[in-house]
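Today I sat down with this model to look up its cores, its cavities and its salt bridges. My notes follow, in the order I made them.

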Amino acid sequence: MKNGALWLDTDGRGIQAHGGSILQHNGIFYWYGENKDTDTHNRSVDFVGFSCYKSRDLLHWENCGLVLSAVNELGHDLHPDSVCERPSVLYNAETQKFVLWFHLDNRRYTRAEVGLAVSNTPTGPFTYMGSQRPGSHDSRDFTAFQDRDGRAYLFCSSDWNATMRVWELDKTYTKLTGSGKEILIDQAREAPALWHSGEKYLMFSSGCTGWSPNTMLYAESSAIFGSWRLIDAPCRGPGARRTFGAQSAAVFAANGQPYLLLDHWHPDDLRNSGYTILPITFENGLPALNWQDEWMGI
Ligand code: GAL
């Protein structure tokens, strides 16, 4: 598949999984994302729902439909007038539930909450459980991250995106414990995508220019609640300065190799926004993303 293009599913239809995340479960990859298959007005679309696609090779994606759909009831959090973005799904081995966190907002982005939905199966349907401002702080772009010890966290762009906050989730992944920390203070980062590499944690993120591409940077820390520091720009190749025209969505691994999923936003025609997947390579221990024209799967 051509990196940067809107990819097609196994039915030949455009994949609607923007701002997405990929979860591996029992040998199958599940790609969750925003279904934007409706007309764009003022650089925004009505909320349709979150889609799920599944694949074994990360190349052939079968549409599993909407796992959380818009609700056409006035005032409902999932109303088409709401903004629901960046679904991030974790599997909780203890409760055997799939936990979907997402960014819930209004069109002016002043609500700034995280929403929660839960399912017994990866392909849903997920049951909506409500929303909150983590620790009473605003939260816009965010990601949910499961650590190797089974603990999970939310990384949220906060203070109108000036500062990021990391919040610990409880054992069920459905509640915040209240433990949190300000990180990357006044660094103005969004679109966080988390991974771990050896002893270090890695965060890829974008600057705050809305749908317009800017320079991706990565940050490192030796602990989740440690001192995160922005290190450098990982992209290499044509257009690297503007992240190849894309923005980070999520990191996932296949056969031990980490990959970054990216969105190529088309602000005036959001449903046709494209995708890229690039392997994360390490040069002298530092992460790099080399542009590749094609995504060949695994
Ligand atoms: C981007 C963000 C997207 C979406 C967009 C709206 O910065 O990463 O998820 O919220 O702004 O302008």
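**Ground rules.** I call a residue buried under 20% relative accessible area, exposed over 50%, and partly exposed in between (1.4 Å probe, protein chains only). This is a predicted model, so I kept to pLDDT of at least 70 for local features and 80 or more for side-chain atom pairs, while totals for chains, interfaces and linings use all residues. Residues are numbered from 1 along each chain as its sequence is written, and side-chain values use heavy atoms, with hydrogens and water left out.

**Entry 1: cores.** I looked for nonpolar cores, meaning sets of buried Ala, Val, Leu, Ile, Met, Phe, Trp, Tyr and Cys residues joined through side-chain atoms within 4.5 Å. The largest has 29 residues, and Phe155, Ile183, Met203, Phe204, Trp228, Leu260 and Leu289 touch the most other members. Several strands, including β10 (152-158), β11 (163-169) and β19 (257-264), each supply at least two residues of this core. Strands here are DSSP runs of E with at least two residues, numbered from the N terminus. The top contributor is β14, with 4 residues.

I then listed the contacts (heavy atoms within 4.5 Å) of one core member. Beyond its neighbours within four places in sequence, methionine 203 is in contact with a set of residues including Phe155, Ile183, Leu217, Tyr218 and Trp228. I also noted a second, separate core of 19 residues, with Ile28, Tyr32, Val89 and Phe126 among them.

**Entry 2: cavities.** How many cavities of 30 Å³ or more are there? I count 2. A cavity is a set of points on a 1 Å grid over the protein atoms alone where a 1.4 Å probe fits but cannot get out, and lining residues have an atom within 4 Å of a point. Points are joined across faces, edges and corners, and volume is the space filled by probe spheres set on them.

The largest cavity holds about 50 Å³. Gly19, Arg86, Phe142, Pro192 and Ala249 are among its lining residues, and β1 (18-25), β5 (83-92), β9 (142-146) and β18 (247-254) each supply at least two of them. I sort that lining into 5 nonpolar, 5 polar and 1 charged. For this sorting, Ala, Val, Leu, Ile, Met, Phe, Trp, Tyr, Cys and Pro count as nonpolar, Asp, Glu, Lys and Arg as charged, and the others, Gly among them, as polar.

The second largest cavity comes to about 40 Å³. Its lining includes Ser206, Asn214, Thr243 and Gln247, and divides into 2 nonpolar, 6 polar and no charged residues.

**Entry 3: salt bridges.** My rule is a side-chain nitrogen of Lys or Arg within 4 Å of a carboxyl oxygen of Asp or Glu. The whole structure gives 17. In one of them, arginine 43 pairs with aspartate 268, with the closest N and O atoms 3.8 Å apart. Arginine 43 is in the loop between β2 (28-35) and β3 (49-55) and aspartate 268 in the loop between β19 and β20 (274-279), so the pair ties together parts 225 residues apart in sequence.

Arginine 151 turned up twice in my list. It bridges to aspartate 149 at 4.0 Å between the closest N and O atoms, and to glutamate 168, also at 4.0 Å, N to O. Is aspartate 149 buried or exposed? Its relative accessibility is 52%, so I log aspartate 149 as exposed. Arginine 151 counts as partly exposed at 47%, whereas glutamate 168 is buried at 14%. Last item: Asp37, Asp39 and Arg271 are joined into one network by salt bridges that share partners.

Definitions and conventions:
On a 1 Å grid over the protein atoms alone, a cavity is a set of points where a 1.4 Å probe fits but cannot get out, and a pocket is an open set with protein on both sides within 12 Å along at least five of seven lines; lining residues have an atom within 4 Å of a point.
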